[in-house]
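Visitor: I'd like to walk through a model with you, one question at a time. Could you put it up first?

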Amino acid sequence: MQKTSIILATVAVFGLAGCLEGDVERGVAGAAGGLVAAEVLGTDPTGTAIAGAAAGVLCDDAGINACK
């Protein structure tokens with residue numbers, strides 16, 4: 001069940017990232033996704049939010065088509 005929730009949260013964050021125009025907006029969405037993932041995984045919310053924000057900001061630079 002937890003793996004399904006993690007996968008769905010990841011898909012939702014990257015799906016919404018395509019609708020966001022700038023790095024800041026994608027970073028905020030990534031941080032929010034990181035907080036959700038922290039609740040599901042039971043990990044440190046601060047570290048997971050930072051990782052999510054970094055993923056949101058850098059997803060377009062990584063060449064992911066959904067983030068452009």
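Visitor: How much surface does the protein chain expose, and what share of it do carbon and sulfur atoms supply?
Guide: Using Shrake-Rupley with a 1.4 Å probe, where for residues only the protein chains shown count as cover, the protein chain exposes about 4,300 Å². The share supplied by carbon and sulfur atoms is 69%. Some ground rules: this is a predicted model, where local features need pLDDT of at least 70, side-chain atom pairs count only at pLDDT 80 or more, and totals for chains, interfaces and linings use all residues. Residues are numbered from 1 along each chain as its sequence is written, and side-chain values use heavy atoms, with hydrogens and water left out. So, back to what you asked: about 4,300 Å², with 69% from carbon and sulfur.

Visitor: Where in the protein chain is confidence lowest, and where highest?
Guide: Confidence here is pLDDT, the predictor's own score for each residue, from 0 to 100. The chain mean is 77, and 63% of residues reach 70 or more. Where pLDDT is low, the predicted coordinates should not be read in detail. Lowest is helix H1 (residues 2–17), at a mean of 63, and highest is H3, at 88.

Visitor: In what order do the elements of the protein chain run?
Guide: Helices (H or I, at least four residues) and strands (E, at least two) are DSSP runs, numbered from the N terminus. The chain has three helices and zero strands. From the N terminus on, that reads α-α-α.

Visitor: How far does helix H2 reach from its first C-alpha to its last?
Guide: H2 covers residues 23–41, which is 19 residues. The expected span is 1.5 Å times one less than the number of residues, and for H2 that comes to 27 Å. The model is close to that, at 26 Å.

Visitor: Which residues of H2 are buried, and which are exposed on the other side?
Guide: Buried means under 20% relative accessible area, exposed over 50%, and partly exposed in between (1.4 Å probe, protein chains only). The buried ones are Arg26, Gly27, Gly30, Gly33, Gly34, Ala37 and Ala38. They cover an arc of only 150 degrees around the axis (judged by directions from the helix axis to the C-beta atoms), which puts them on the same side of H2. On the other side, the exposed ones are Val24, Val28 and Glu39.

Visitor: Which residue forms a salt bridge with Arg26?
Guide: A salt bridge needs a side-chain nitrogen of Lys or Arg within 4 Å of a carboxyl oxygen of Asp or Glu, and a search of the whole structure finds one. Arg26 is buried at 5% relative accessible area, while its partner is partly exposed at 33%. The two are three residues apart in H2, about one helical turn. With the closest N and O atoms 2.6 Å apart, the partner is Asp23.

Visitor: Which residues is Leu35 in contact with, leaving aside its neighbours within four places in sequence?
Guide: Leu35 lies in H2 and is partly exposed, at 42%. Its C-alpha is 8.0 Å from that of Gly52, 17 residues apart along the chain. Counting heavy atoms within 4.5 Å as contact, the answer is Pro45 and Ala49.

Visitor: Is Asp44 buried, partly exposed or exposed?
Guide: Asp44 is found in the loop between H2 and helix H3 (45–58). Its C-alpha is 9.9 Å from that of Gly34, ten residues apart in sequence. At 48% relative accessibility, Asp44 counts as partly exposed.
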